[in-house]
Amino acid sequence: MSIVFWVLAIVFGLFAFVVFFGAPYVPVRRRDMKRAFDDVYQLSESDVVVDLGSGDGKVLREVSRRGARAVGIELNPILVAVSRWLSRGDKRVAVRLGNLKHTSFPDDTTLVYLFATSRDSAPFLKQIEREATRMNRTLSVLSYGFALPGKKPLRRDDLHLLYEIAPLQSDKHK
């Protein structure tokens with residue numbers, strides 16, 4: 001009984017930690033994700049998708065099924081383990097344990113997928129702008145459920161909004 005209590009306490013504590021420092025775990029509905037990749041952003045085999053807050057990896061596996069490469073970044077170690085286990089054997093899927101707001105994206109990233117609460121939208125946008133600037137190219141962003149502050153979406157469906165985030169201008173470029 002004592003071991004079960006401590007295991008449950010650790011699991012609950014990790015999820016509470018993640019909610020405090022990041023967005024809560026809210027799984028995307030498969031039909032919404034499929035519609036987004038069919039209608040809002042059509043993936044190609046050359047795409048590299050970074051899923052910020054990848055949870056159980058459902059988006060990563062859908063991206064892979066469509067022939068693209070997927071990299072998940074997740075703060076909760078339990079969800080990292082679940083995602084890695086569910087994606088085992090898929091060479092196009094990688095999952096990293098990390099703080100979404102302070103992680104570098106792969107240099108060949110083409111699309112960033114995210115579910116962000118309104119409190120997290122601005123910090124995520126800043127991180128994406130930093131990464132676009134670091135890579136010196138525009139990144140596409142597919143946001144599930146929340147608008148990015150000060151940005152106008154290029155396309156949208158009921159739940160997903162597609163943006164392009166250009167590199168920031170630095171003093172040396174002015």
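**Group meeting: two helices and a sheet**

Hi everyone, let me start with a pair of helices: helix 2, residues 30-40, packs with helix 3, residues 58-65, at an angle of about 40 degrees, and their axes are 11 Å apart. Please keep in mind that this is a predicted model. Angles from 35 up to 65 degrees fall outside the parallel and perpendicular classes, and helix 2 and helix 3 are therefore oblique to each other. As for handedness, their crossing is right-handed.

Who makes the contact? From helix 2 we have R30, M33, K34 and F37, and helix 3 brings K58, V59, E62, V63 and R65. Sorted by class, that contact between helix 2 and helix 3 has five charged residues, four nonpolar ones and no polar ones.

Now, on to the sheet. It is open, has seven strands, and shows mixed pairing, with the order 3-2-1-4-5-7-6. Which strands sit at the edges? Those are strand 3 and strand 6, the latter at 155-156, and each of them pairs on one side only.

Helix 3 comes back here, because I want to show you where it packs: on the sheet, helix 3 touches strand 1 (48-52), strand 2, strand 3 and strand 4 (111-114). The direction of helix 3 makes about 170 degrees with that of strand 2.

Let's look at both ends of the sheet in turn. At one edge, strand 2, residues 69-74, pairs with strand 3, residues 93-97, in the parallel sense over five bridges. Within that pairing, V71 has A94 of strand 3 as its bridge partner. Add helix 4, residues 77-86, and strand 2, helix 4 and strand 3 form a right-handed β-α-β unit.

At the other edge, strand 6 and strand 7, residues 160-165, pair in the antiparallel sense, over two bridges. There, R156 has L161 in strand 7 as its bridge partner. Thanks for listening!

Conventions
Residues are numbered from 1 along each chain as its sequence is written. This is a predicted model: local features need pLDDT of at least 70, side-chain atom pairs count only at pLDDT 80 or more; totals for chains, interfaces and linings use all residues. Side-chain values use heavy atoms; hydrogens and water are left out. Two strands pair if DSSP finds at least two bridges between them. Helices (H or I, at least four residues) and strands (E, at least two) are DSSP runs, numbered from the N terminus. A crossover is right-handed if, with the strands pointing away from the viewer, the path from the first strand over the helix to the second runs clockwise. Axes are lines fitted to C-alpha atoms, for helices over the stretch in contact, and angles run from 0 to 180 degrees between N-to-C directions. Angles under 35 degrees count as roughly parallel, over 145 as roughly antiparallel, 65 to 115 as roughly perpendicular and the rest as oblique. A crossing is left-handed if the near helix is turned anticlockwise from the far one by less than a right angle, and right-handed if clockwise. Contact means heavy atoms within 4.5 Å. Ala, Val, Leu, Ile, Met, Phe, Trp, Tyr, Cys and Pro count as nonpolar, Asp, Glu, Lys and Arg as charged, and the others, Gly among them, as polar.
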